Amino acid sequence: MNPAIYRLLSMSRGKKRVLQVAVDLTLLPIMFALAMWIKLDSFAFVSVPAAWSVLIPVLPVTIFSFVRLGFYRAVLRYIAGRALITIMFGSVLSGVTMILVVQMADLPVPRAVPLIYTLLTFLCVGGVRFGFRELVNYAQNRRKERVAIYGAGAAGRQLLQVLHQRSDYVPVAFIDDSVQAQGTHVGGLMVYPPSKIESLIRNNGVNVVLLAIPSATKSRRNEILKSLENQPLLIQTVPGLDDIMTGKARIDQINDISIEDLLGRDPVPPRPELMGANITGKVVMVTGAGGSIGAELCRQILRLKPKRLVLYEISELALYSVEQELAAMKLSIRSNVALSPVLGCIKSARLVDRTLRKFQVETVFHAAAYKHVPLVEQNIVAGVRNIVFGTATLAEAAIAAGVKSFVLISSDKSVRPTNIMGASKRLAELVCQALADAPRNPGTTISMVRFGNVLGSSGSVIPLFRRQIEAGGPITVTHPEITRFFMTIPEAAQLVIQAGAMAQGGEVFVLDMGDPVLITELAARMARLHGLKPIIFTDPDSEKPNQDEIGIVFTKLRPGEKLHEELLVGNLPKPTSHPRIMSATESRQPLEELSLALDDLARACERNDIERIRKIMIEQQTAYQPPQEIVDQFWEPEAEIDGAMDEAVANARRLRIVRG
């Protein structure tokens, strides 16, 4: 900022007012002289003292009127159009005073001079103020981000008003698809068509685009982002219309583009009869209630007015967080649903059985599971016990307690798995299918819902990419050709609830995830939407990005990671009554056969016999294709597990059972 302007702005309020009065006392005589010259077309009046004597009463009256009107209390850098009314009143009062003085003292001042003087005073006093405001704004705006607002509708106009009060943005133009709006002015800014974005960048210095289209569909937002992402721009957005209408967000909240805007589809409206079938008026339990899917299931279930919602979670922090969130949500929607937080592990048969019977649970959504593939590969026994035996324990307890509906949240990694996490998920599906068909299952409808990655979950690459971009890179991708399916968490939870309501028993429902996404392209799009040019580095140690670039580095596939995920074991999914829910027809195993395999698997877990665990997984109908290398941290391939060890393990188990 210019040093002189900075010194003026740094003055105290009192000094600023004195300076304004001094400026006006200088301007008013000049305006009188200019009015006399315009009327007389001569400067002969300069040497006539009687003509100048009119200013003796006019100057104090004018300054006093400005003081009384509060004109000098206005902050010049924020002076608004309303100040013009004050200036007009003060100028008119000054002109009227001049007329009265001239007539009463019979001074040599032409009758037209007070009128000319009034107009000149209004223009000059106001012009000096607004000119100073624009000078200050120009000095401050030189270091601000120059912004174009995409959307000249009501949201865009509100956003423009907000930006005028912010210190980090200066709006310079509107962009709008509407032909009727293009070429018009909104709030003093020209509305341009999207095709002019390059000229706005080149001629107006635009480096940020703010999307002010909260009512646009996700597919439309995606189209707009694709048209902008190759430009050197940072793209941000205002919240969606739903969040604004429900009070979750305000129009002045400016956020980075979410990955939902890049990949999200327009959701299919839920069917109310399916959403409430197993929930409304019933006791519902969600395991893994503090996880990404579990927490969203709880939010949606709470809105469907169950009788009670049981939150089953092993993590104390996660359970506390979700309970606090749901308690606040209850108040906001005026709900009287009872919340029952249960801290425990799904492998604890006693606690699971006690919970189901204590609260008389009617519907179970089983979302608790380990999901980080590399971690499970390094801790295979823990993964198998959590996913396989945890599911078996919970499903058997649900049957014994008379639960009406049991829904397992499965994963696309269970299809032709290459890792223990996926193989365990597939084995858990087989367990659920076998229990669904078992004669001793009197009336528990068991089903499974299989889908891919959800956007924003703790296991997703999206938060990782965002952190890497904020840190300046590089962005790490495991393989140039790796692809994944993606779905938003709310859509996934909504479809899980509806799939569970359609179940007859033993079905594997598969959610329509759309087309797989190339992760390399996803990383590049995220970088471009942050105003950065993605560069693929082959030698990250020697290659360095320029100021407006960010590197993409390929590492390697992690242990157990697949290049391409699948959703179906077979290729003939059956459609259901919902367009985004399919039913897969896949092989099953009798419970008797599966029970023997599970007993063998339990013994292998006790001995930490990783080779045997992998072999059992292969022998079952999981289509497991394990990698050659075992990366489990506790695997000792040379160790001999003899009978003494077996006896010690057996004694330890008996002792634990006796002590409870």
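Which residue's side chain meets that of Asp 609 in a salt bridge? The partner is Arg 607, with a gap of 3.8 Å from N to O. Keep in mind that what you have in front of you is a predicted model. Below is a quick tour: first the helix pairs, then the charged pairs, then a strand residue.

**H17 and its two neighbours**

- Start with helix H17, which covers residues 380-401 and packs against helix H23, residues 610-619, at an angle of about 40 degrees. The axes of this pair are 10 Å apart.
- An angle of about 40 degrees is why H17 counts as oblique to H23.
- The handedness of this H17 and H23 crossing is left-handed.
- On the H17 side, the residues that touch H23 are Ile 380, Val 381, Val 384 and Val 388. H23 answers with Ile 610, Ile 613 and Met 617.
- Sort the residues of that contact by class and you get 7 nonpolar, no polar and no charged.
- H17 also packs with H18, and here the axes come within 9 Å and cross at roughly 15 degrees.
- Since angles under 35 degrees count as roughly parallel, H17 is roughly parallel to H18.
- This time the crossing is right-handed.
- H17 brings a long list of residues to H18, including Ile 380, Gly 383, Val 384, Ile 387 and Val 388. Among those on the H18 side are Ile 420, Met 421, Ser 424, Lys 425 and Leu 427.
- The class count for H17 with H18 is 14 nonpolar, 3 polar and 2 charged residues.
- Ile 380, Val 384 and Val 388 are worth finding on the model, as they appear in the contact with H23 and also in the contact with H18.

**H19 against H21**

- Next up are helix H19 (residues 461-470) and helix H21 (residues 519-529), which pack at about 40 degrees with axes 10 Å apart.
- With that angle, H19 and H21 are oblique to each other.
- H19 goes past H21 in a right-handed crossing.
- From H19, the contact takes in Val 461, Ile 462, Phe 465, Arg 466 and Ile 469. From H21 come Ile 519, Leu 522, Ala 523, Met 526 and Ala 527.
- That contact divides into 9 nonpolar residues, no polar ones and 1 charged.
- H21 is largely enclosed by the rest of the structure, because 10 of its 11 residues are buried.
- The buried residues of H21 include Thr 520, Ala 524 and Leu 529, along with Arg 525 and Arg 528.
- After H21 comes Gly 531, which has a positive phi, near 80 degrees.

**Salt bridges**

- The count of salt bridges comes to 18. Side chains of opposite charge can pair when their charged atoms come close.
- Back to the opening pair: Asp 609 has 17% relative accessibility, so it counts as buried. Arg 607 stands at 25%, so it counts as partly exposed.
- There's also a network: Asp 177, Arg 220 and Glu 223 are joined by salt bridges that share partners.
- Within that trio, the side chains of Arg 220 and Glu 223 meet at 2.9 Å, N to O.
- Arg 220 and Glu 223 are about one helical turn apart, because they sit 3 residues from each other in helix H9 (residues 218-228). An α-helix has 3.6 residues a turn, so residues three or four places apart point the same way.
- Arg 220 is partly exposed, with a relative accessible area of 29%, and Glu 223 is partly exposed too, at 46%.
- Another pair is Arg 426 with Glu 429, whose side chains form a salt bridge at 2.8 Å, N to O.
- Arg 426 and Glu 429 belong to helix H18 (residues 420-437), where they are 3 residues apart, about one turn of the helix.
- Both Arg 426 and Glu 429 are buried.

**A strand residue to look up**

- Met 487 is part of strand S17, which runs over residues 486-488.
- With just 2% relative accessibility, Met 487 counts as buried.
- Met 487 and Val 454 are 33 residues apart in sequence, yet their C-alpha atoms are 4.8 Å apart in space.

Notes
Residues numbered from 1 in each chain as written. Predicted model: local features only at pLDDT ≥ 70, side-chain atom pairs only at ≥ 80, totals over all residues. Heavy atoms only, no water. Axes fitted to C-alpha atoms, helices over the stretch in contact; angles between N-to-C directions. Helix = DSSP H or I, 4+ residues; strand = E, 2+ residues; numbered from the N terminus. Parallel < 35°, antiparallel > 145°, perpendicular 65-115°, else oblique. Left-handed = near helix turned anticlockwise from the far one by under 90°. Contact = heavy atoms within 4.5 Å. Nonpolar A, V, L, I, M, F, W, Y, C, P; charged D, E, K, R; others polar. Salt bridge = Lys/Arg side-chain N within 4 Å of Asp/Glu carboxyl O. Buried < 20%, exposed > 50% of the residue type's maximum accessible area, 1.4 Å probe, protein only.
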